[in-house]
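Me: Could you take a close look at one part of this model for me, starting from a single loop position and working outwards? I'd like the helix packing, the charged pairs and any odd backbone angles in one connected story.

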Amino acid sequence: MIYTVTLNPSIDYHVWVPSLSEGTIHEAHKEWKDAGGKGINVSKVLRLLGVDSTALGFVGGFTGAFIREQVERAGIVHQFLSIEQDSRINIKIKAHTETDISGASPEIPVEALQRLFAQIDRLGPDDYLVLAGSVPKSLPLDIYPTIMKRLRGRGVRVFLDARGEALRSGLSERPFLIKPNHHELGELFGVAISTHDDAIAYGRKALELGAENVIVSMAGQGAVFVNREEAYAARIPERKPVNSIGAGDSMVAGFLYAHTKGWRAEEAFRFAVAAGSTTALSEGFCTHEKIRAFLPEISVIKVE
């Protein structure tokens, strides 16, 4: 079974305006609301690819009720835990550029965290756990490695998609896959990463710190993949992205989908790149049809 954990779910409120000027009133010409959060997005993409997962996390208030409703409407099984405070609202203002406002995180009570631990303690061999996204301020930054320590020796493959200290502290627990973008990987090592060679070199340093597989997404430059046996670099055609939401989550879901099918690393990586790219290049998430159409446009080379 596949489980996704979203510690800080949200309503993502997208608003389109012709232009954005501080201190004035704007009239939206389009708006859209949906349940958000990286783990939830992974579950959404898996559902579109025909794979079931169970979404875990904390939701509260009228916003939490909306998140539950949207996840259920998408056909995703969830075991969300109720908290008292409202789940956050993230605002995406789309004008000539996109402006994001991340909502304040709700307080997560100790009792609710213990209930999440109890859910996770039931996982066993052949299960997959996706830990993805930001950590609410009321939880310790090392919550991801704390969760991973509880699973030591159980055969659970953990996919970790986080940044900063949440990523750094999780590496020692040997996650099966991490998927930083090139900025996040550079932040981890205090460097700027701008080329495939840089990304491969520092991806290998992440392997030394404990990761088993590393995908580094590089926006229009494509992506790289490394593990202890092989490394690949993928290039994609130059196109203007139209969607900034869920491309990285689609990449995680794409690799997870391919891995559960027993595909080789190179094939799984190519599929993951196609999944992330087609989400970025269209309104809404990737689908099998979009991925199949895009796969021939991806160039993947093996790097020695």
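Reply: Let's start with proline 140, which has a relative accessibility of 39% and so counts as partly exposed, since that class runs between 20% and 50%. Keep in mind that this is a predicted model. Proline 140 sits in the loop between β9 (128–132) and α4. If you want a long ruler across the model, take proline 140 and glutamate 266: they are 126 residues apart along the chain, and their C-alpha atoms are separated by 36 Å.

Follow the chain out of that loop and you get to α4, which covers residues 143–150. Its partner here is α3, residues 110–120, and the two axes come within 10 Å and cross at roughly 40 degrees. Angles under 35 degrees would count as roughly parallel and 65 to 115 as roughly perpendicular, so α3 and α4 end up oblique to each other. The crossing of α3 past α4 is right-handed. On the α3 side, the contact is made by Leu113, Leu116, Phe117 and Ile120, while α4 brings Ile143, Thr146, Ile147 and Arg150. Sort those residues by class and you get six nonpolar, one polar and one charged. Thr falls in the polar class and Arg in the charged one.

Stay on α3 a moment, because charged residues turn up in this helix too: arginine 115 and glutamate 111 both lie in α3, four residues apart, about one turn of the helix. The two form a salt bridge, with 3.7 Å between the closest N and O atoms. That fits under the 4 Å cut-off, so the pair counts. Neither partner is buried: arginine 115 has a relative accessible area of 36% and glutamate 111 has 47%, so both are partly exposed. Side chains of opposite charge can pair when their charged atoms come close.

How many salt bridges does the structure hold? The total is 17. One of them joins the side chains of arginine 47 and aspartate 52, at 2.9 Å from N to O. Arginine 47 is another partly exposed residue, at 29% relative accessibility. Then there's glutamate 267 with arginine 264, where the closest N and O atoms are 3.9 Å apart, so this pair also falls within the 4 Å limit. Glutamate 267 is partly exposed as well, at 35%. There is also a network: Lys38, Asp161 and Asp249 are joined by salt bridges that share partners.

Glutamate 267 leads on to α9, which spans residues 265–280 and packs with α8, residues 247–260. Their axes come within 7 Å and cross at roughly 150 degrees. That makes α8 roughly antiparallel to α9, because 150 is over the 145-degree cut-off. This crossing is right-handed. From α8, the contact uses Ala247, Ser250, Met251, Gly254, Phe255, Tyr257 and Ala258. From α9, it uses Ala265, Ala268, Phe269, Phe271, Ala272, Val273, Ala275, Gly276, Thr279 and Ala280. The class tally for α8 with α9 is 13 nonpolar, four polar and no charged residues.

Now for the backbone angles. Most residues other than glycine have a negative phi. Arginine 174 goes the other way, with phi near 55 degrees. Its place is the loop between α5 (164–170) and β11 (177–178), and at 45% relative accessible area arginine 174 is partly exposed. Alanine 219 also has a positive phi, about 55 degrees, although it is not a glycine. You'll find alanine 219 in the loop between β12 (213–217) and β13 (223–227). With 60% relative accessible area, alanine 219 is exposed.

One last stop is helix α10, residues 288–294, which holds glutamate 289. This glutamate is exposed, at 53%. Measuring C-alpha to C-alpha, glutamate 289 and tyrosine 232 are 24 Å apart in space, with their positions 57 residues apart in sequence.

Methods. Residues numbered from 1 in each chain as written. Predicted model: local features only at pLDDT ≥ 70, side-chain atom pairs only at ≥ 80, totals over all residues. Heavy atoms only, no water. Axes fitted to C-alpha atoms, helices over the stretch in contact; angles between N-to-C directions. Helix = DSSP H or I, 4+ residues; strand = E, 2+ residues; numbered from the N terminus. Left-handed = near helix turned anticlockwise from the far one by under 90°. Contact = heavy atoms within 4.5 Å. Buried < 20%, exposed > 50% of the residue type's maximum accessible area, 1.4 Å probe, protein only.
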